[in-house]
Amino acid sequence: VHKAMIAVGSRRSELLGRRIREADSTSRPDGHSSDVNVHETIMLESAADSVCIVLDFLYYPDKPLEMNIHNAVPLVYLGKRYKIRALIEQSEEFVHSHLESSNAIHFLLDSYLYQLDDILSRAIDVTAANLGATLDFNPIYQLPPELFRRIILSKDLNCDSELLSLLVYSYCCEHHAEDIDVEYLRELTKQRIMPEIDPKVALMLLKFYVDLIFADDEHCDIMDVLVGDTLMQRCIAVAAKHWQGEVYEPLIVDSEFNETGSPLKRRLPAHEPTAIHRSLPSKLQNYLLEKCIIEAKNDFDSERVAKEAQQGEKQAEIEAMTKSCDAIVRDLQNGLKESEKNQDKQVLKKHLDKIETKMLEMEAELELQKKKADAYKQELKRFRRVPGIHNFGEVCKKDPTVVDKTKCTYSGNPDHHFPLHRRGDRPPTQMPSMTAEFQNLAKENGYIYDDGHGSLLPIFYYVDTAAEC
C-alpha cells in the first residue's frame with residue numbers, strides 16, 4: 001500500500017518510485033531483497049521540517065497542501081529533489097503569486113540556501129525594484145557580497161542615487177570591509193548606476209576607495225589614477241561643492257582641539273582628525289582643497305551678484321517712487337493753479353494743507369527707502385579684500401610644528417620681493433584669523449591666490465562690525 005501511495009498516481013515521487021522498482025528487481029524468491037537498500041540524506045533544518053508535509057501530500061491526494069512563505073521554498077526544493085511534479089507545480093505557483101517587496105528578502109535567502117536560481121533571480125529583481133522604498137536595510141547588510149552585488153546590478157534597480165551611495169558605503173565600508181576589493185567597489189559605483197553621491201559619505205567613500213587602490217597596488221601614483229577614475233572625481237566634486245560643511249567646519253574643529261589649553265583637548269586623551277580629507281595622500285589633499293577654494297570663490301561671487309542685483313532692484317524702486325512722487329506733486333500743483341482760479345481763499349488753504357500733508361508723507365517714505373539702500377551698501381562694504389602683503393610664516397622643514405613668522409612667504413604687491421612678487425616662495429597655507437592684522441596697511445587691495453595660469457584671484461573676508469563693537 002505504501003509503495004502504491006508513493007510511487008503511483010498524480011502525486012507520485014518519481015525518484016522514490018524508481019528506487020522501489022530497483023529494490024523489487026533485486027528481491028530473492030523468499031520475498032526479501034538481495035541487497036540492503038539504504039537511502040541516506042542530509043538536508044537543511046527547514047527542509048527536514050517540511051518532510052511531513054510532503055508525506056501528507058503523497059498519502060492524502062484530497063488534502064490541501066499546507067504551504068506558507070516560510071516553507072514554500074523548502075517544498076520547492078523537496079519537490080525537485082524527490083521529483084514530485086505536482087508538488088513542484090503547486091509550490092512554485094505559490095512562490096510566484098506571493099513573492100512581493102515585503103517578503104522578497106526571505107525568499108531570496110531561502111532560494112540562495114537551496115540553490116534555486118529561478119526563484120533567487122526573481123527575488124533579487126523584486127528586492128532591487130523596491131530598494132528605494134526599503135525602510136530596514138539590516139537584512140540586506142547581512143547578505144553575502146555576491147547577492148548584494150546582484151541586487152545593485154539588477155536591471156530592475158529602482159533607488160535614488162544618493163540613497164544608493166549611502167547603502168553601498170554602509171555595506172562595503174561598515175559591514176563587509178574585509179571582503180571588498182577595489183574592482184568590486186568600482187563595479188557597484190559606476191556612474192550609470194550611481195551618478196550622484198550623498199555629501200555625508202563622499203569623503204568617507206573616497207578615503208575607503210583610496211585605501212583599496214593602495215591595497216591593490218601600493219606603489220601607484222594616485223594622481224595618475226584620478227585622471228580616468230570617475231568615482232574619485234565624483235566624490236571630490238561633491239565634497240568641494242559642500243566645502244563649508246565637509247571640509248571647512250571639520251578643519252575648524254581640529255584647530256580648536258589642537259589649541260593649547262583647549263577644554264576638549266584636556267578631556268580626550270587622543271584625537272582622530274575630524275577633517276577626513278587630512279587622511280588622504282598629500283597630493284590628493286591639495287587637489288581637493290584647490291577645488292574647494294574655487295567652489296568657495298564661486299559661491300562668494302554668486303552671493304555678491306545676488307546682493308548687487310537686490311541693491312539695484314531697491315534703487316530702481318526708489319527711483320520709480322521718486323518719479324511717482326514728482327508726478328503727484330506736479331498734478332497737485334496743477335490742481336492748485338486751477339483752484340486759485342476757481343475757488344476762494346478758504347478752499348485754497350484747505351487744499352494747500354492737503355498737499356503739504358501728502359508731501360510730508362512722501363518725504364518720509366523716501367527717507368525710509370534711502371535708509372534701506374544705505375544699509376545694503378554698508379553690508380557690501382563688510383566684504384574686504386585680503387591685503388596684498390601678508391606674512392603667513394614659513395613652516396620649518398625639520399619640525400613642521402614650528403612656523404617662522406619673520407619671513408614673508410607671499411605677496412601680491414608688484415614692488416615687493418621682486419622678482420618673486422606674484423607668489424613669494426610658496427602659496428599661502430592659511431587665512432588671516434583677525435582683521436587687526438591689517439590695520440597698519442595702507443590699503444586692502446591684495447591678490448593672494450594664483451590659479452596656475454598666470455592670473456591672480458582675489459580672496460575676500462567678511463568683517464562683522466557688530467561683533468567688533
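I looked up K80 first in this predicted model, and I noted that K80 is partly exposed, with a relative accessible area of 40%. Its side chain meets that of E92 in a salt bridge, at 3.3 Å from N to O. This pair links distant parts of the chain, with K80 in helix α5 (residues 72–81) and E92 in helix α6 (residues 85–98), 12 residues apart. I entered E92 as partly exposed too, because its relative accessibility is 30%.

I then searched the whole structure for such pairs and found 10 salt bridges. Among them I noted D229 with R186, whose side chains meet at 3.9 Å, N to O. Here D229 sits in the loop between α14 (222–227) and α15 (230–241), while R186 belongs to helix α12 (residues 182–188), and the two are 43 residues apart. D229 has a relative accessible area of 8% and is therefore buried, whereas R186, at 30%, counts as partly exposed. I also recorded that E183, R186 and D229 are linked in a network of salt bridges.

I next checked K200, which forms a salt bridge with D198, their closest N and O atoms being 3.0 Å apart. K200 is exposed at 53% relative accessible area, but D198 is buried at 6%.

How many disulfides does a search of the whole structure find? I found 0. Of the cysteines, I looked up C159, which counts as buried at 17% relative accessibility, and C292, which counts as buried at 7%.

Last, I turned to the surface, where L44, Y112 and L113 form a nonpolar patch with about 270 Å² of accessible area together. L44 lies in the loop between α2 (14–25) and α3 (45–49), and at 40% relative accessibility it counts as partly exposed.

Conventions
Residues numbered from 1 in each chain as written. Predicted model: local features only at pLDDT ≥ 70, side-chain atom pairs only at ≥ 80, totals over all residues. Heavy atoms only, no water. Patch = residues over 30% accessible without salt bridge, like charges linked within 9 Å, V, L, I, M, F, W, Y side chains within 5 Å. Areas by Shrake-Rupley, 256 points an atom, 1.4 Å probe, with all protein chains shown as cover. Salt bridge = Lys/Arg side-chain N within 4 Å of Asp/Glu carboxyl O. Helix = DSSP H or I, 4+ residues; strand = E, 2+ residues; numbered from the N terminus. Buried < 20%, exposed > 50% of the residue type's maximum accessible area, 1.4 Å probe, protein only. Disulfide = S-S within 2.5 Å.
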